[in-house]
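This report describes how two protein chains are arranged and joined. It then turns to one helix and to some details of the backbone.

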Number of protein chains: 2
Amino acid sequence: MWPAALAAEPVRRALAGATELRQRTLRLWRTPESELAATLRRVDDQLTGLEVTTCLRDGELEIVTRYEPDADDAYGRLVAAVTADFAGTLFSDGPTVDELVAWALDERGWTVAVGESETGGLVTARLTEPAGASRRVLGGVAAYANSAKEQLLDVPPATLVDGGAVSPAVARALAEGARARFGADVGVGVTGVAGPGGGTPEKPVGTVHLAVVGPDGALAYSDRLRGDRAAVRGRTGTLAVHLLRQLLLGGPPA
Amino acid sequence: MWPAALAAEPVRRALAGATELRQRTLRLWRTPESELAATLRRVDDQLTGLEVTTCLRDGELEIVTRYEPDADDAYGRLVAAVTADFAGTLFSDGPTVDELVAWALDERGWTVAVGESETGGLVTARLTEPAGASRRVLGGVAAYANSAKEQLLDVPPATLVDGGAVSPAVARALAEGARARFGADVGVGVTGVAGPGGGTPEKPVGTVHLAVVGPDGALAYSDRLRGDRAAVRGRTGTLAVHLLRQLLLGGPPA
């Protein structure tokens, strides 16, 4: 009945007459919503015909704009204003960070492997989400136990003793171990305290250390995240993908 | 202001007089919603005062009931009817399958490790979701590449050649390899075709093989799941946790 209704002449005419609404997305990394709001206020009188909504999630600020085709110029002015004010943090004019990373890996024909402790498989699961993941992701080791970090990812026992399992050096060793063991072009390493237990005054819940190591260099990032166990784990996953993006494509630092 | 308002005598009286609504959940595994509906219709006249909703998700049928305290007896009759009709598939009178598995492992002081291909880290990520995961989950290897299956989880090359990477024998070898490599009490193995690519006439998209191996025995399960890549991966994760539940607690087969 539904296909028949769609094919009926009155319905087809009504659909053809309906406004073709465009939707475009810009994505900024680590930009306060208030700064974006100031920019939008400044150029507000040039944005007639645009319906702009913004959403901040896990450090990503998403600007979704809906408009009819005749507001195309106004959208161009919005993009110009955002690009001018946020050149350092604008990382996408559409694709998600996960898509950007997948495309960048495929373009170079590179593979990736993960050594993760705190996130317990979440980073590998996220990298294997997009279709075609098997050509770019060789795998990952979720090494909660220190013995697994040593035996499966070659983290030196001394490194675990010196700074503890939650340290920048262990994140780096996890990335290098994953890269070597899987024979991948890029290695990702993650360690931290997801909570609710396990925190100490020196390493409170939310402490995370990440590293990515590629053929031409390495990047590291440390932070103290807020939120409950699920939030800390999820945000660490987002940080890992952004650190990969920075290694592969440059742009705003994780 | 809010605490002060709550402490004020008129508000306290109003709150005390408010109805205390109870909410209870029953969970069935692999039970068609239509069969449950037939049971509910049969005993409908004994369920006065109960507000019953049912939800089917990934093979789990959830029965959520809200009622005032004076309908306690009616709820008892509902539980009796469901237990009588679905003794073989009722697996919980409240906790999620993830909670049941975590508690069962903790009660025995057992640890678990995962070797997963198709789910790419998702099963390990799910097992490490609950707080306190580090005492029961030693880790997991997400082995997309066959070389990783061989080198990190000791899957015999001949097993990969004989039945291909997606086979019951490889699921079993992944479980045994994870168990041995991490030194865990229980090993979980998962392989399959999540799609959209990679399917063949013999092994179409959705084909999954799972195995769990414990100190006292092993269980295996194979299925062909419907849905897109994300659905197949998610449902495989649910199957893995149910297979663990069956090994640890008995009850309805995965």
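Two strands are said to pair if DSSP finds at least two bridges between them. The model described here is predicted.

**Strand pairing within and between the chains**

In chain A, strand S5 (residues 112-116) and strand S6 (residues 137-143) are joined by 5 bridges and run parallel. Within this pairing, A:Glu116 has A:Ala142 of S6(A) as its bridge partner.

Strand S6 of chain A also pairs across the chain boundary. A further 5 bridges connect S6(A) with strand S6 (residues 137-143) of chain B, and these two strands run antiparallel. Here A:Ala142 has B:Gly140 of S6(B) as its bridge partner. The residue A:Ala142 thus appears in both pairings: as partner of A:Glu116 and as partner of B:Gly140.

Is strand S6 of chain A mostly covered or mostly open? The strand is mostly covered, for 7 of its 7 residues are buried.

**The two chains and their contact**

How is chain B related to chain A? A turn of 180° with a shift of 0.0 Å along the axis lays chain B on chain A, with an RMSD of 0.0 Å. This is the relation of a two-fold axis. Both copies use the same surface, since 100% of the contact residues of chain B recur in chain A.

The contact draws 29 residues from chain B and 29 residues from chain A. Between the two chains an area of about 2,000 Å² is buried, and carbon and sulfur atoms give 60% of that area. The rule for salt bridges finds 0 of them across this interface.

**Helix H3 of chain A**

Helix H3 of chain A spans residues 33-42, and its buried residues are A:Leu36, A:Thr39 and A:Leu40. Why do these buried residues line one face of the helix? Viewed down the axis of H3(A), they fall within an arc of 100°, so they line one face. A general rule of helix geometry helps here: an α-helix has 3.6 residues a turn, so residues three or four places apart point the same way.

The buried residues of H3(A) pack against several elements of chain A: strand S1 (22-29), strand S2 (50-57), strand S3 (60-67) and helix H4 (72-85). The face turned away from the buried side carries the exposed residues A:Ser34, A:Arg41 and A:Arg42.

**Details of the backbone**

Two kinds of backbone detail are found in both chains. The table begins with the cis peptide bonds and ends with the positive phi values.

| Chain | Residue or bond | Value |
|---|---|---|
| A | A:Gly195 to A:Pro196, cis | omega near 0° |
| B | B:Gly195 to B:Pro196, cis | omega near 0° |
| A | A:Asp58 | phi near 50° |
| B | B:Asp58 | phi near 55° |

Where do the prolines of these cis bonds lie? A:Pro196 is in the loop between strand S7 (186-192) and strand S8 (207-214) of chain A. B:Pro196 is in the loop between strand S7 (186-192) and strand S8 (207-214) of chain B.

The positive phi of A:Asp58 occurs in a residue other than glycine, and A:Asp58 lies in the loop between S2 and S3 of chain A. Its relative accessible area is 31%, so A:Asp58 is partly exposed. B:Asp58 is likewise a residue other than glycine with a positive phi. This residue lies in the loop between strand S2 (50-57) and strand S3 (60-67) of chain B, and B:Asp58 counts as partly exposed at 31% relative accessibility.

Methods
Residues numbered from 1 in each chain as written. Chains lettered and ligands numbered in written order. Predicted model: local features only at pLDDT ≥ 70, side-chain atom pairs only at ≥ 80, totals over all residues. Heavy atoms only, no water. Least-squares fit on C-alpha atoms with pLDDT ≥ 70 in both. Contact = heavy atoms within 4.5 Å. Buried < 20%, exposed > 50% of the residue type's maximum accessible area, 1.4 Å probe, protein only. Helix = DSSP H or I, 4+ residues; strand = E, 2+ residues; numbered from the N terminus. Arc of directions from axis to C-beta. Buried area = accessible area lost by both parts, 1.4 Å probe. Salt bridge = Lys/Arg side-chain N within 4 Å of Asp/Glu carboxyl O.
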